[in-house]
Amino acid sequence: MADRPSLRERLASVRQRFRKARRKKDDTKPHSERRGKLTRLVRFLRERKDRLVQRLRRRRAAPKINTNPGEPHWGGSGDLMAQVIEPFMVKRGLPIGSGKRTPAYNAQIGGSPTSDHLTTKTTTMARDFPTFSGADDAHALAASLGFGGWSQNTYTAFNYTWQGVAFRVQILWGSAIGHGDHVHVGVSRA
Ligand SMILES: [Zn+2]
């Protein structure tokens, strides 16, 4: 059985027919019956084209998880980070800081030897968001993920299910725990 044409292919074909019909309409005498028919066809094709564009946009925006370990999905933790957490923090104006680190580099900068940042942990992802005033951002992220009991200066991890996959999420902020210059977000598979 032949494959059904993809949305993209259908859109390309509708676009082509739309342009052709519009050109024909413009070349036809005004007030003629043929021109009236072509006007209706152009309108019909334009609506069809717009609907296909909307469907393509919705499909692109739909969250996608891949639970393969290691780069770039990190067991799905990387997808949760890239599609939910990073856009939320970037929208709040925070820059994207350090992500995955080799054990050597992690040790060099004094990172925790069990950090979610480590490339040797293949189903975790961690991201730092540099800021000197991150309490509100950390709190807002916690609230958006439904972590009611979040507070600064603690290492509490929260359960979070995304796309049917269970995760543990840690949001660290507070100078008492060495996080006064960036919000750290760690994600691991539960
Ligand atoms: Zn960190």
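A crossing of two helices is left-handed if the near helix is turned anticlockwise from the far one by less than a right angle, and right-handed if clockwise. The exercises below concern a predicted model.

**Exercise 1.** Determine how helix α1 is oriented with respect to helix α2, which hand their crossing has, and what kinds of residue make up their contact.

*Solution.* Begin with the geometry: α1, spanning residues 7–27, packs against α2, spanning residues 33–61, at an angle of about 155 degrees, and their axes lie 9 Å apart. Angles over 145 degrees count as roughly antiparallel, and therefore α1 is roughly antiparallel to α2. Next, apply the opening definition, under which the passage of α1 across α2 is a left-handed crossing. Finally, sort the residues of this contact, which divide into twelve nonpolar, one polar and 13 charged.

**Exercise 2.** Decide whether His31 and Trp74, each with a positive phi although neither is a glycine, are buried or exposed.

*Solution.* As background, most residues other than glycine have a negative phi. Take His31 in the loop between α1 and α2, where its phi is about 65 degrees; with 7 other C-beta atoms within 10 Å, His31 is exposed, since 12 or fewer is the cut-off for that class. Then take Trp74 in the loop between α2 and α3, with a phi of about 50 degrees; here 29 other C-beta atoms lie within 10 Å, so Trp74 is buried, the cut-off being 20 or more.

**Exercise 3.** Describe the peptide bond between Glu71 and Pro72, and then the surroundings of His73.

*Solution.* The bond joining Glu71 and Pro72 is cis, with omega at about -5 degrees, and Pro72 is found in the loop between α2 and α3. His73 lies in the loop between α2 and α3 (77–91) as well, and is buried because 20 other C-beta atoms lie within 10 Å. Leaving aside residues up to four places away in sequence, His73 touches Asn66, Thr67, Asn68, Gly78 and Asp79.

**Exercise 4.** Identify which residues have the most contacts inside the largest nonpolar core, and which element gives the largest share of this core.

*Solution.* This core has 21 residues, and those with the most contacts inside it are Leu141, Ile171, Val185 and Val187. The elements giving two or more residues to it are α3, β1 (124–130), α5 (135–144), β3 (165–174) and β4 (179–189), and β3 supplies the largest share, five residues. To follow one member outward, note that Leu141 touches Ile85, Phe88, Met89 and Ile171, not counting residues up to four places away in sequence.

How values were computed: Residues numbered from 1 in each chain as written. Predicted model: local features only at pLDDT ≥ 70, side-chain atom pairs only at ≥ 80, totals over all residues. Axes fitted to C-alpha atoms, helices over the stretch in contact; angles between N-to-C directions. Helix = DSSP H or I, 4+ residues; strand = E, 2+ residues; numbered from the N terminus. Parallel < 35°, antiparallel > 145°, perpendicular 65-115°, else oblique. Nonpolar A, V, L, I, M, F, W, Y, C, P; charged D, E, K, R; others polar. Contact = placed C-beta atoms within 7 Å. Core = buried A, V, L, I, M, F, W, Y, C linked by C-beta atoms within 7 Å.
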